[in-house]
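Here is a short report on a predicted model. It takes the main pocket first, then the sheet and a helix packed on it.

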Amino acid sequence: MSILNILEFPDPRLRIRAAPIAEIDQNTRSLVDDMLETMYQANGIGLAATQVNVDKRIVVMDLSDEGDQPIVMINPQVEILDDITCPHQEGCLSVPGFYETIQRPEHIRLSALDREGQPYVLEPEGLLAVCIQHEIDHLDGKLFVDYLSPIKRQRIRQKLEKLHRQQD
């Protein structure tokens with residue numbers, strides 16, 4: 001397994017819409033394993049393939065305290081089950097150091113394939129539902145900062161660009 005490089009806002013590659021996976025093979029499973037290792041190493045709870053510069057519709061997630069309950073979503077699709085939204089503070093491995101409160105639907109239905117290509121359906125509520133929506137946004141080229149005001153988004157962009165210049 002390998003640790004992959006996580007792209008950071010405002011990298012334009014984060015805006016690429018991921019393509020569906022036609023066949024789940026050993027390369028796909030290896031990518032899933034690398035994504036999980038990368039997510040755990042970065043102390044994240046979710047990671048989309050877009051964030052590691054792979055334009056495939058794959059998400060990995062683990063909300064457990066012990067980091068031992070990975071969820072793999074290949075070609076995930078979400079259906080909003082009700083219009084009730086709730087505020088949750090969101091952060092992102094691609095927008096390090098920034099946390100903002102975002103309103104998202106509270107109850108969804110997820111349809112996806114697991115690491116082995118088996119279909120499954122979940123109807124999560126609360127934090128899991130929010131995290132799934134956040135990660136699927138990545139697959140569509142969208143970041144949580146897109147839900148913020150243009151002024152807040154620009155402030156975050158400028159701070160991260162400055163940090164990137166200092167690191168180079």
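How many residues line the largest pocket, and which lie nearest its centre? The lining has 23 residues. Gly44, Ile45, Gly91, Cys92 and Leu93 lie nearest the centre. Three elements each give two or more residues to this lining: strand 4 (85–92), strand 5 (95–105) and helix 2 (126–139). The space in the largest pocket comes to about 420 Å³.

The lining of the largest pocket breaks down by class as follows.

| Class of lining residue | Number of residues |
|---|---|
| Nonpolar | 13 residues |
| Polar | eight residues |
| Charged | two residues |

Now the sheet. In what order do its five strands run? The order is 1-2-3-6-7, the sheet is open, and the pairing is antiparallel. Strand 1 (46–48) and strand 7 (119–122) stand at the edges. Each has a single partner strand, so one side of each is left without a neighbour in the sheet. On average, neighbouring strands of this sheet are turned by 35° against each other, direction ignored.

Within the sheet, strand 3 (residues 71–80) and strand 6 (residues 108–113) run antiparallel. Five bridges join them. Ile74 stands opposite Leu113, a residue of strand 6.

Which strands does helix 1 lie across? Helix 1 (residues 26–41) lies across strand 1, strand 2 (58–61) and strand 3. The angle between helix 1 and strand 2 is about 40°.

Definitions and conventions
Residues are numbered from 1 along each chain as its sequence is written. This is a predicted model: local features need pLDDT of at least 70, side-chain atom pairs count only at pLDDT 80 or more; totals for chains, interfaces and linings use all residues. Side-chain values use heavy atoms; hydrogens and water are left out. On a 1 Å grid over the protein atoms alone, a cavity is a set of points where a 1.4 Å probe fits but cannot get out, and a pocket is an open set with protein on both sides within 12 Å along at least five of seven lines; lining residues have an atom within 4 Å of a point. Grid points are joined across faces, edges and corners, and a volume is the space filled by probe spheres set on the points. Helices (H or I, at least four residues) and strands (E, at least two) are DSSP runs, numbered from the N terminus. Ala, Val, Leu, Ile, Met, Phe, Trp, Tyr, Cys and Pro count as nonpolar, Asp, Glu, Lys and Arg as charged, and the others, Gly among them, as polar. Two strands pair if DSSP finds at least two bridges between them. Axes are lines fitted to C-alpha atoms, for helices over the stretch in contact, and angles run from 0 to 180 degrees between N-to-C directions. Contact means heavy atoms within 4.5 Å.
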